[in-house]
Structures are given as C-alpha cells and as structure tokens.
Amino acid sequence: MQKRPPSIDTNMPPSGDGDIAIALRHISKQFNTGTTPDKTLKERLILRRPGRSSTILNAVEDVTFDVYKGETFGILGHNGSGKSTLLKMIAGIMRPSSGTIRVEGRLAALLELGAGFHPDLSGRENIFLNGSILDLDRTYVESVYDEIVDFAELDEFIDMQVRHYSSGMRARLGFSVATHLQPDVLLVDEVLAVGDENFQQKCMHRVDQFRSSGRTMVLVSHSASRVGQMCNRVAVFDRGQLLFVGKPQEAIENYREALENRRLARGANYATIETSSDQPDERNDPVRLVDGAIGTGDKPTFAPRDDVPLWVDLDVDEEIDFRLRLVLRNPEGQTLVNRSTMSMANNPFRLPRGTHRVHFTLRDLPLRPGPYNLVVFAESPDGNTRLDLPCRLGKLRVEGRLRGVGHLAVDIDHRIEPRPTNDLTTATRSTDQDTEPVSAPLASSPSR
Amino acid sequence: MLSSPASPIAPSSTTTTLISSDHTHRTLRSQLDAVWQRRDLLANLTKREVKARHKNSVIGFAWNLLNPLLQMVVYTVVFTYFMPGRTPLFPIKLLSAMAVFGLFSTSLNAAATSVSGNSALVLKIWFPREILPLSAVASNLVTFLSRVSILVIGLVAYWHPPAWSMLWLAALAVFVTLVLATGLGLLLATANVFFRDTQHFLDLVLMALFWFTPVIWNYDYLAARIIDHFGPEWERIVLLNPLIPIVTTFQRVLHNPAALPLEDQGEFTLMLRPNSWYLTNLGIAFVVSAITLVVGLRVFRRYEGAFAESL
C-alpha cells in the first residue's frame with residue numbers, strides 16, 4: 001500500500017472521513033494513440049519520423065465523485081466511454097494522467113474472471129496465491145477455503161491444473177475467490193454474466209450477501225438493467241466525461257439518452273429508408289418499403305401505454321406472397337417486440353402491383369419512458385428471405401415519469417391483509433423491491 | 001448526496017491507498033516498505049515460480065540438478081579430451097564458477113521478463129510491482145542452492161577440502177550477485193515492457209559475459225597476460241567486470257587451489273591472494289551493485305505506472 005504523501009491535494013476530503021470509500025478528484029487519463037504502440041527499439045528509434053504526430057485520446061476527463069462506504073455504486077457507459085479505464089485507475093493498475101484517487105480499505109478487482117490464475121498450478125494452489133495477492137494471511141484463506149471450493153462447484157477438480165479447466169470453471173473459481181476473500185471494496189467489471197443460469201443466480205445471491213455485509217462495491221457495466229437492479233447510485237459516462245451521478249432510474253434515462261445521441265451523431269438517420277443508400281438501382285426487389293412514419297404529428301412522442309399508430313408505404317412490382325415484420329428495440333439493442341403480419345392475420349399479404357399504404361397500431365405499448373427504435377421490413381412468408389432492406393421508422397419516444405428501472409411500464413396495485421390461515425395459499429404482496437409502499441399506481445400518468 | 005444505507009462496516013484493514021499521477025512521493029524507503037509488507041506474496045510468487053517451472057515434467061525438480069550436471073560433463077569431456085587443459089580438478093572448478101555465474105544469468109533473465117511475462121497479473125491486480133523481478137531472482141536462488149548441493153557432492157567425491165576460513169567470502173559473493181542481478185533485473189524488466197528487444201539483447205550480452213568471465217578458463221590466463229603487457233596496476237581493468245571478483249571468489253573458496261598439490265598450483269598464483277584482496281574487490285563490486293540497485297528501483301518506480309498501458 002502506498003503511504004500518504006506529506007503534500008496532498010487540498011481538494012481531497014480529509015482522510016478518515018468515515019463515509020467515503022473511494023474519493024476521485026479531477027481524474028483525467030490520456031492515451032497516446034498516434035499509432036499502434038511500438039514494441040521494439042528499431043521501431044521507436046529508427047522508424048520514428050520526425051514529423052509523425054501522435055493523437056491524444058482523452059479516455060477520462062476531469063472526473064470527480066465519491067463512493068460511500070457500504071453502497072453499491074454503478075458505472076454505466078457504452079464501449080469506449082472510459083468506464084473500464086476509470087476502474088483500472090481505481091484498482092491502481094493504471095496511473096491517472098492527473099488527479100488523485102483515494103481508496104479506504106483493502107480493494108479487490110474482478111476485472112476479468114479467472115485472471116491472475118497461473119495455468120500450471122492447481123486450483124487449490126491458485127486460491128492461496130490469489131489470497132496472498134489480495135494481501136490476506138494464510139490462516140484466513142484456509143478458513144474460507146472450503147466455502148470457496150464449494151461455491152465454485154469444483155470439489156473433484158480442485159487439484160487439477162487450472163490450464164485444464166474450462167472457461168466456465170475458471171470464471172466460477174475467480175468469482176468465488178474474489179467474493180469470499182472479503183475485501184473492503186470490490187470492483188467488478190461486467191463479469192457477473194458468467195456460467196449457466198443457475199450459477200448466475202448464485203452469483204447474484206452472493207453479491208447481495210456481499211452488499212448486505214456493508215462492504216462497498218463498484219460495478220461497471222453497459223447493461224442499464226443490471227446496474228439499475230443492483231446499485232444504490234450510478235454514474236453515467238459518455239466519451240470519457242461524467243454525465244451524471246445519482247439515482248439509478250435517472251441515470252438510466254441519461255444513459256439511454258446518451259446512447260441515442262451517439263447513434264444520431266454517427267449519422268444514422270432514422271427517417272430515411274435504407275434502400276436509398278448505396279446503389280438503389282442494383283436492388284430489384286419485388287416489394288419495397290419506400291416510406292413510413294410513426295404517429296400522426298411531427299413528433300412521435302407517446303405516454304406509457306398509449307396506442308402507437310404508424311404507417312409504411314410499399315411499392316409492389318410483383319404479385320407475390322410476403323409478410324411484414326415489425327421490430328422494436330431499446331437503445332441498448334434489446335428486442336422488445338418482434339412480430340410479423342402472419343402472426344397477426346394468419347395469412348400472408350398478396351397485393352396487386354402498385355403503391356400501397358399499410359397502417360399499424362401498437363396497442364397499449366407498456367414501455368418505460370425513453371427512446372426506442374422501430375424497424376419494419378418485408379420478408380417471404382416463411383420468414384427465410386428478406387425481400388427488402390429494413391425501413392427504419394425512427395425514434396419513438398415515450399415520455400413520462402416512472403419509478404423503478406425495468407423495461408416495462410406496468411401498473412401494479414397492492415393491498416395488505418392478514419395472511420390467510422390456510423397454509424396452501426401465500427399472501428399476496430408486491431414483490432417489486434424498488435417500490436415504496438404506496439397504493440397509487442406505480443407508473444404515474446405522463447407529465448406532459 | 002448520501003443515498004447509501006448506513007450499514008455497519010465490518011472491522012477490517014485501515015489501509016488508505018492514494019493513487020495519483022505523481023510518482024515522486026514514493027520514496028526509496030516506501031518502495032522497500034511496500035515490498036516488505038507484502039513479503040508473503042513475494043514468498044508465494046517465488047514458490048509459484050519454482051513449482052511451475054517443472055510442473056509438467058516427469059522428474060520435476062531433479063532437472064535443477066541434472067541440467068548443471070550434464071553441462072559439466074559436456075564441458076569436462078571437451079576440455080579434458082578434445083582440448084586438453086592442465087587444470088586439476090577441472091569439474092569442480094567449472095561447477096563452482098558455473099553455479100554462481102548461472103545464478104546471475106538465470107535470475108537476470110527471469111527478472112527481465114518478469115513484468116512482461118506476468119501481464120495477466122499486472123493488468124488485473126495491484127500489488128507492488130517490484131515483487132515480480134524480486135521473486136524471479138529469489139526463485140533462481142532456490143535453483144542455485146540445489147546446484148550447490150551437487151558441488152558439495154563433487155567435493156566429497158574428490159575428497160577435496162574447500163577453504164573453510166574463507167567460506168563467508170563465498171556467501172558474500174552470492175549476496176553481491178543477488179544485489180547486482182536484482183538491480184539490473186529491475187532496469188531490464190522496465191526496459192522490456194517498452195522494448196521487447198531487451199530480452200533478445202540480453203541473451204547476447206550474457207553469452208558474451210560468459211566467455212569474458214573465468215568460468216571455463218582460469219583467471220590467471222587473462223590477468224597474467226594483462227600484467228605482462230601493461231604492468232601490474234592494470235589488473236584493475238579486468239576487475240571492472242563485477243562478475244570477475246564474484247566468480248573468482250567462489251572458485252577460490254570451493255575449488256580451493258591452496259589445497260592442491262604444490263606442483264598443480266602454478267595456474268592459480270594470482271588467485272592465491274589474501275582474504276583482503278578478495279574482500280576489497282568484492283567490496284567494489286558490492287558498491288557498484290548497490291548503486292545499480294538504487295538506480296534500478298528508481299527507474300522502475302518512474303515507469304511502473306505506465307506498465308499496464310504498454311503490456
């Protein structure tokens with residue numbers, strides 16, 4: 001552990017401030033990305049052209065926040081937002097270009113499950129080696145050894161060399177070791193999605209235990225729902241900048257917004273039809289989607305559980321059987337709706353040559369506020385052949401206020417009554433942990 | 001702003017880690033302190049190195065013994081039958097020189113690749129990085145000790161007594177070797193992260209050093225010639241190579257030419273020097289090594305923060 005230097009950033013809260021587990025002050029990190037890093041002297045000295053300029057990438061820019069003791073803190077950001085770089089700096093693996101980080105207590109990082117294992121050593125030897133890397137004494141590791149092995153479900157393999165482990169086994173062992181060794185602060189980088197469903201459940205349970213033991217956890221992810229489920233507070237990153245720190249649900253809205261802006265910035269223009277992109281003449285599709293729109297006004301904005309009308313215009317060159325497919329995704333790319341007209345009408349479309357307009361209505365769309373993308377395309381009746389490039393109808397906005405962090409806006413009522421004496425029936429109660437005990441509908445009406 | 005539940009904190013370590021862009025607050029002292037605090041890890045990583053080295057081999061640890069034994073047999077056959085020399089007890093002389101030179105070259109090699117070769121650790125977990133080159137050197141000390149046991153067997157087999165009264169000088173020579181190998185190892189480990197040429201370059205340098213150090217030939221061959229040509233004060237030039245005092249001390253103690261029959265001592269007149277001569281030269285070598293170590297530690301500290309980005 002590094003000793004405190006005599007001179008310390010004056011902006012730092014005094015050490016020993018009981019509440020803060022991790023204090024970050026004005027953290028920046030630049031990478032020199034002019035070219036691929038030169039690894040040999042020849043490349044560095046001989047091939048270095050005098051005029052060669054290097055590009056500085058600001059991976060993290062002037063980030064300041066605190067993580068309090070005992071909280072589960074989420075860091076949410078898309079790929080390349082600097083969230084992993086930040087985690088590596090907190091872990092002490094990378095040195096910031098400027099700024100100061102103070103970590104109170106022993107820290108362990110799960111930056112990649114199963115990393116830090118020596119392939120030539122057995123699972124048992126690796127557990128002890130890992131304990132020693134985390135600065136734990138042998139007697140402590142011995143006392144939790146059985147639990148670690150049990151949890152990782154590796155009893156009969158524990159004396160086998162780790163090189164013969166499957167990646168799942170390694171991941172299980174890594175997770176088990178890191179969470180049983182009880183660091184004061186645990187950093188986790190998108191690794192909870194390991195193993196089969198069963199093991200994931202165990203992991204989540206284990207993480208809950210870890211959190212309820214009053215220890216601090218920092219979870220880095222690009223999955224809004226995971227962070228939303230687990231964290232007390234969330235920081236949102238975009239292109240190295242801290243956009244937001246605060247409550248998970250607001251953070252998620254910020255994050256989805258940022259994702260959407262990024263997509264727009266990349267030049268994806270939703271109101272246009274992709275067919276018209278490169279070589280329209282080369283495509284000779286029998287059915288073409290030429291135009292489409294969501295809603296009736298100019299802004300496709302709705303409240304949760306509104307009906308969403310939309311239309312598409314078709315050019316039909318050949319009288320064939322086909323069907324249309326609607327796909328609705330959230331900004332993270334998760335598919336929320338994926339239906340074809342066959343499942344609505346049981347019959348394929350067969351339209352005479354000419355232009356047609358098809359109207360759809362998505363009834364009572366129970367979506368939480370946020371931007372969504374809607375795509376329509378034509379395909380053969382068996383669904384195996386796409387007849388046209390997808391027509392992106394663009395952004396559909398749901399606005400309003402919703403408590404909770406899930407994908408859906410669902411009204412949940414609840415009532416409390418004495419438990420029925422009959423043992424076979426269980427009491428009905430709300431299981432949504434994010435909710436407060438109010439009897440009003442949880443998804444309140446839009447605040448437009 | 002505080003939205004976390006105020007749950008009780010389990011009593012645990014009260015360490016505070018400060019991470020900043022500034023590396024200068026890490027003094028030499030704190031660097032050594034950090035390593036000392038993690039001596040358990042140093043021991044475990046050393047054990048890991050030793051264990052893993054022969055993990056998949058049938059005879060395992062015996063390779064540590066077999067390797068120098070076979071090397072010695074080959075050299076002895078070559079230098080007693082193909083190119084006969086007149087060195088009495090050539091195998092002992094060779095083995096004693098090879099043991100200590102081998103300690104230097106293998107630990108330097110291991111230290112130079114210790115950071116780049118352990119990128120999985122360096123990229124995942126923080127611990128004082130100095131531990132990596134240190135454990136590389138330490139694990140080779142284990143190998144060295146096993147090789148010394150072969151030397152002991154050889155001494156018993158030839159019933160040749162070492163210079164008992166000078167044994168402490170041999171220990172000092174080993175110590176100087178370790179300091180020098182660690183210092184250079186820290187420097188080369190740093191260099192190798194940024195320039196992978198370092199390890200290839202090191203192979204060449206070590207090969208050259210092997211032939212410029214009296215491992216196979218005798219110290220007298222070189223020193224006598226220098227003295228003849230330039231005068232006795234020029235012997236110092238030869239001793240500038242810090243490995244020469246180290247290797248000659250080790251040979252003097254274990255091969256112990258003083259215990260040879262008088263007619264066989266002719267090749268070792270320059271080695272039959274008093275303890276003070278050995279002590280002086282080892283002392284100079286030690287000062288050089290200690291400076292190297294300090295420079296090595298500082299350079300390592302200076303660039304340690306950039307390791308993760310370059311691996």
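Me: Contact means heavy atoms within 4.5 Å, and helices (H or I, at least four residues) and strands (E, at least two) are DSSP runs, numbered from the N terminus. With that in mind, which residues in α3(B) meet which residues in α4(B)?

Reply: On the α3(B) side they are B:P68, B:Q71, B:M72, B:Y75, B:T76 and B:F79, and their counterparts in α4(B) are B:F90, B:P91, B:L94, B:L95 and B:M98. This is a predicted model, in which local features need pLDDT of at least 70 and side-chain atom pairs count only at pLDDT 80 or more, while totals for chains, interfaces and linings use all residues. Residues are numbered from 1 along each chain as its sequence is written, chains are lettered from A and ligands numbered from 1 in the order in which they are written, and side-chain values use heavy atoms, leaving out hydrogens and water.

Me: What makes the contact of α3(B) with α4(B) count as 9 nonpolar, 2 polar and no charged residues?

Reply: Ala, Val, Leu, Ile, Met, Phe, Trp, Tyr, Cys and Pro count as nonpolar, Asp, Glu, Lys and Arg as charged, and the others, Gly among them, as polar. B:Q71 and B:T76 therefore belong to the polar class, and the tally by class is 9 nonpolar, 2 polar and no charged residues.

Me: Why is α3(B) called oblique to α4(B)?

Reply: The axes of α3 (residues 63-82) and α4 (residues 90-112) of chain B come within 10 Å and cross at roughly 135 degrees, where axes are lines fitted to C-alpha atoms, for helices over the stretch in contact, and angles run from 0 to 180 degrees between N-to-C directions. Angles under 35 degrees count as roughly parallel, over 145 as roughly antiparallel, 65 to 115 as roughly perpendicular and the rest as oblique, so α3(B) is oblique to α4(B).

Me: How do you know whether B:L89 is buried or exposed?

Reply: B:L89, in the loop between α3 and α4 of chain B, has 18% relative accessibility and therefore counts as buried, since buried means under 20% relative accessible area, exposed over 50% and partly exposed in between (1.4 Å probe, protein chains only). In chain A, 49% of the 448 residues count as buried.

Me: What makes the phi of B:L89 and of A:D62 worth a remark?

Reply: Most residues other than glycine have a negative phi. B:L89, not a glycine, has a positive phi of about 55 degrees, and A:D62, also not a glycine, has a positive phi of about 45 degrees and lies in strand β2 of chain A.

Me: How do you know that β4 of chain A and β1(B) pair?

Reply: Two strands pair if DSSP finds at least two bridges between them, and 5 bridges join β4 (residues 98-104) of chain A to β1(B), which run antiparallel. One bridge partner of A:I101 in β1(B) is B:I19. These strands belong to an open sheet of 4 strands in the order β2(A)-β1(A)-β4(A)-β1(B), with antiparallel pairing.

Me: What makes β2 of chain A and β1 of chain B the edge strands?

Reply: Each of them, β2 (56-68) of chain A and β1 (16-20) of chain B, pairs on one side only. Helix α2 (residues 83-90) of chain A packs on this sheet, touching β1 (20-32), β2 and β4 of chain A together with β1 of chain B.
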